[in-house]
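Visitor: I should like to learn how to read the features of a protein model, step by step. Where would you begin?

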Amino acid sequence: RLHEVVLLYNRAEHCTIELSICVNDITSTFCQLQFMTAKQHGERITTIHLHIMTSSTRRPLRLQNTTLLLLSLLLASSNAFTSPQTLSSSRNEAARISSTKPTTTRLYANQFDITKPTFDLLSFRQIRSDALLRYNSLNQSEPLRINLFLLLTVSLLGYPLWCESVTGELPTALSSVGAAAAGVGCGALFNRERSRRSNQLNRMEKELNAESLEVKLPVNKAITSMRPTATLKQLKSKRRIVALRGNKDQFTEVMDMLCSLRRRFVQSQTLLVLVPTDGSTKEEWGWDDKQMGDSLWLADATNIGQFLDYFQELLGSDEGVSNDNELAWFALNFKGRSIASGLGEAPKILELMGQQLQPMELIDDTDAAVVPADMPVANEILECQKKFYNVLTSTGDLEAMKAIFTDGKMQEVNEVIGAGGRIDGWVECLKPDARPANMVIADQDIFVSSPTLAYSTCVEFPPNAGIDGATLLASQRWVRETANDEWKLELHQTIPWAAGTRAGGTLRCDCRGCVALTSSQEKRTFGGLIG
């Protein structure tokens with residue numbers, strides 16, 4: 001007879017029944033269990049182990065590859081529900097019974113594959129099990145709301161059917177109409193919550209599918225030339241990821257902006273992965289090994305086809321997508337969660353820096369400029385940058401500021417004005433109470449794209465910013481008509497960029513003045529390629 005039954009069932013094909021068995025019944029129980037197993041399963045091999053140790057311990061009975069039906073038969077055949085008896089009178093007999101050697105059970109990974117799809121009734125499709133597990137762990141109240149709305153919908157719409165049985169009165173026309181209206185409202189709420197759940201699960205699935213993507217990591221060539229590979233899952237908590245898919249022409253357009261912020265990618269521990277659709281190379285995009293050096297911010301896709309298939313999966317789930325050759329991109333944070341994505345338009349990297357790719361390294365206002373000694377043009381840009389900040393923070397000379405800028409009206413500023421934004425002219429911006437007096441800059445970096453186009457970046461330190469203060473990231477675009485002309489500033493942009501904070505706005509300036517953009521309150525949406 002059984003003293004105690006402990007049943008552990010984990011929804012897999014393995015389960016364990018732990019039994020405390022009276023020694024007097026040990027032989028008959030064991031034989032009966034073997035007989036029932038063979039009779040139930042026929043030719044199927046089912047292993048049963050009876051492990052006898054000492055009279056003071058419980059004796060585990062282990063079953064492998066059994067079903068719930070077998071469990072019921074085992075419990076019934078073992079007299080599990082009879083009254084317990086003591087084992088004190090059978091200790092000597094227990095010592096004479098030889099114990100059987102336990103058999104090792106081998107568990108194979110494919111039997112416990114957490115990524116295996118599971119049919120989800122509410123979404124009415126197959127969903128990865130780990131996505132469901134993540135959703136259930138992060139959302140405790142939403143499933144309850146969905147079930148409550150569903151229960152209310154069914155109950156209210158079925159009001160005429162159960163009204164008489166429950167209340168003892170026939171339903172009136174008014175009560176039936178009211179119940180039907182309330183049922184429709186609950187049905188709408190149920191559908192809303194169900195759609196939100198489906199969108200969340202869809203986003204989680206896409207994020208989990210990205211974990212298998214593999215990249216070749218950049219290394220310091222002075223130390224080693226061997227580039228290790230890693231999956232995006234292995235890079236969690238170590239690197240942020242920004243992946244772009246496009247052709248030669250699309251990458252050529254965005255390469256200058258990406259290269260100009262290369263130092264900021266390193267400081268924010270962000271890896272860029274460029275996935276060409278036409279087999280083009282970095283050199284064809286305008287890559288300059290002399291300026292880029294080790295490029296510790298740029299990773300290569302180990303299997304380009306794998307990345308293209310993943311992008312195709314993202315694009316295939318977007319309604320209305322007809323051109324698979326459009327530029328597409330997505331960004332993941334340290335946890336592997338989607339933070340931004342887009343299609344058909346290059347990412348606004350500076351805004352993305354301020355919102356999601358904040359610095360992880362300590363930047364001080366005494367950090368020197370990073371300018372190659374053998375590149376005179378870079379030193380020219382650095383002097384022009386110093387001249388601009390001298391007028392902006394110290395002199396406030398309007399004519400000197402006009403002389404620094406070109407006469408062109410930039411598209412980045414025009415789009416803000418066209419959307420109803422206000423532009424403040426340099427007359428207002430350079431007033432003593434408006435300009436950032438005593439602000440210092442540090443950690444300057446220069447990228448020369450061509451003899452007539454260059455970029456500069458720096459970190460701005462407002463007065464009394466301190467180590468944990470509100471530093472800003474600034475970028476300037478410089479142009480000239482010929483290699484012998486003087487450099488002119490075409491566009492100046494700045495955005496808050498500090499560890500642990502998200503930018504609340506950004507500033508764009510050209511020859512006319514500056515426009516400010518403020519971030520709107522974040523809404524709960526599931527747009528973009530991933531969500």
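**Reading the model**

Guide: Let us begin with a single residue: Asp 510 counts as buried, because its relative accessibility is 0%. Please bear in mind that this is a predicted model.

Visitor: In which strand is Asp 510 found?

Guide: Asp 510 belongs to strand β19, which covers residues 505-510.

Visitor: Which residues is Asp 510 in contact with, leaving aside its neighbours within four places in sequence?

Guide: Contact is read from heavy atoms within 4.5 Å. With neighbours within four places in sequence set aside, Asp 510 is in contact with Phe 405, Gly 408, Lys 409, Met 410, Val 413, Ile 423, Trp 426 and Glu 490. In addition, the side chains of Asp 510 and Arg 512 are joined by a polar contact of 2.8 Å.

Visitor: How many disulfides does the count come to?

Guide: The rule asks for a pair of cysteine sulfur atoms within 2.5 Å. By this rule the count is 1 disulfide. Cys 509 and Cys 514 are the partners, with an S to S distance of 2.0 Å.

Visitor: Why is the disulfide of Cys 509 and Cys 514 called right-handed?

Guide: One looks at the torsion about the S-S bond: for Cys 509 and Cys 514 this is about 110 degrees, so the disulfide is right-handed.

Visitor: Are these cysteines buried or exposed?

Guide: A residue is called buried under 20% relative accessible area. Cys 509 is buried because its relative accessibility is 1%, and Cys 514 is buried too, at 7%. Two further cysteines can be read by the same test: Cys 259 is buried at 2%, and Cys 384 is buried at 16%.

Visitor: What is the order of the strands in the sheet that holds β19?

Guide: A sheet is read from strand to strand. Here 7 strands form an open sheet in the order β14-β20-β19-β18-β17-β16-β15, and the pairing is antiparallel. At its edges are β14 (423-425) and β15 (440-450), each of which pairs on one side only. Neighbouring strands are turned by 20 degrees against each other on average, direction ignored.

Visitor: How many bridges join β18 to β19?

Guide: Strand β18 (residues 488-496) runs antiparallel to β19, and 3 bridges join the two. The disulfide partner Cys 509 appears here again, with His 492 opposite Cys 509 in β19. Helix α13 (residues 376-395) packs on this sheet and touches β15, β16 (453-461), β17 (472-479) and β18; the direction of α13 makes about 135 degrees with that of β15.

Visitor: What is the pairing in the open sheet that has the order β8-β7-β11-β10-β9-β12-β13?

Guide: That open sheet of 7 strands has mixed pairing. Strands β8 (229-231) and β13 (338-343) each have a single partner strand, so one side of each is left without a neighbour in the sheet. From one strand to the next, the twist averages 25 degrees. Within this sheet, 5 bridges join β9 (residues 240-246) to β12 (residues 328-332), and the two run antiparallel; Arg 245 stands opposite Ala 328 in β12.

Visitor: Which strands does helix α8 touch?

Guide: Helix α8 (residues 248-260) packs on the sheet and touches β9 and β10 (270-276), with its direction at about 165 degrees to that of β10. Helix α11 (residues 304-316), in turn, runs at about 90 degrees to β10.

Visitor: How many helices and strands does the protein come to?

Guide: The secondary structure comprises 16 helices and 20 strands. Of the 531 residues, 41% count as buried.

Conventions: Residues numbered from 1 in each chain as written. Predicted model: local features only at pLDDT ≥ 70, side-chain atom pairs only at ≥ 80, totals over all residues. Heavy atoms only, no water. Buried < 20%, exposed > 50% of the residue type's maximum accessible area, 1.4 Å probe, protein only. Helix = DSSP H or I, 4+ residues; strand = E, 2+ residues; numbered from the N terminus. Polar contact = N/O pair within 3.5 Å; in protein donor to acceptor, adjacent residues only side chain to side chain. Pairing = 2+ DSSP bridges. Axes fitted to C-alpha atoms, helices over the stretch in contact; angles between N-to-C directions.
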